[in-house]
Amino acid sequence: GGFGELARRQYLNRLLVKGKAALLSGNPSQMFPYLKITRANIFTEDVMAEMTMGVTQQIQAVWDTMPSLKDISPENFLDLLAVRTRVPNWGGLDQSRLDAQVVNYMPFVQPSFLELVFSLTTNIRANGLLFRQTIKKLKPSLLCF
């Protein structure tokens, strides 16, 4: 929890696996279906078209701030994208609320932790291997499998 998933290579896998061609294209319209979660459609077609246009513009704006896929692996690219988008949009509101109640921080999104995570190979981060190995080494009794 608390965005430890970033060290487990958990985010945006649908785009990586099923939408890799869309990812490599850099085309927001092609990526959107792999980022979209379908819910009941309560909006008119005009509203949906407007929202889809807004989403593709936002994807393009974020894309323009990202390093080139040629410079980093697709896995690292998507993890960095998650840090830049998911953390503030999903965790920011709760963090702000908690900050008003008690002094705290989110350890798994600290810059020093993220630097270490991004320095690791994606193989060690996949499927929680990093955490399982750490637990096995430091406290093996916590492993129940």
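The expected span of a helix is taken as 1.5 Å times one less than its number of residues. In the present structure, which is a predicted model, this rule can be applied to helix α4, which runs over residues 45-65. Because each residue contributes 1.5 Å, the 21 residues of α4 should span 30 Å, and the end C-alpha atoms, which lie 31 Å apart, agree with that expectation.

The sides of α4 can be described in turn. Its buried residues are Thr56, Ile59 and Trp63. These three cover an arc of only 60 degrees around the helix axis, which means that they lie on the same side of α4. On the face turned away from that buried side, α4 carries the exposed residues Asp46, Glu50, Gln58, Asp64 and Thr65.

A comparable description can be given for helix α3, formed by residues 28-35, in which Pro28, Met31 and Phe32 are the buried residues. Seen down the axis of α3, these buried residues fall within an arc of 115 degrees, and they therefore line one face of the helix. The buried residues of α3 pack against three other helices, namely α1 (13-17), α2 (20-25) and α4.

For the chain as a whole, eight helices and zero strands are found, so that the pattern read along the sequence is α-α-α-α-α-α-α-α. The C-alpha trace spans about 55 × 40 × 30 Å along its principal axes. Of the 145 residues of the chain, 29% count as buried. Among the contacts with a separation of 6 or more, 57% are accounted for by residues that stand 24 or more positions apart in the chain.

The surface and the charged side chains were also examined. The chain exposes about 9,900 Å², and carbon and sulfur atoms supply 59% of this area. There are 16 positive and 11 negative side chains, and the centres of these two sets are separated by 13 Å.

One loop residue deserves separate mention. Asparagine 127 is located in the loop between α7 (122-125) and α8 (129-138), and its phi is near 55 degrees, a positive value in a residue other than glycine. Since a residue is classed as exposed when its relative accessible area is over 50%, asparagine 127, at 62% relative accessibility, counts as exposed.

Methods. Residues are numbered from 1 along each chain as its sequence is written. This is a predicted model: local features need pLDDT of at least 70, side-chain atom pairs count only at pLDDT 80 or more; totals for chains, interfaces and linings use all residues. Side-chain values use heavy atoms; hydrogens and water are left out. Helices (H or I, at least four residues) and strands (E, at least two) are DSSP runs, numbered from the N terminus. Buried means under 20% relative accessible area, exposed over 50%, partly exposed in between (1.4 Å probe, protein chains only). The arc is that of the directions from the helix axis to the C-beta atoms. Contact means heavy atoms within 4.5 Å. Accessible areas come from the Shrake-Rupley method with a 1.4 Å probe; for residues, only the protein chains shown count as cover. Lys and Arg count as positive and Asp and Glu as negative; His and the chain ends are not counted. The place of a charge is taken as NZ of Lys, CZ of Arg, CG of Asp or CD of Glu.
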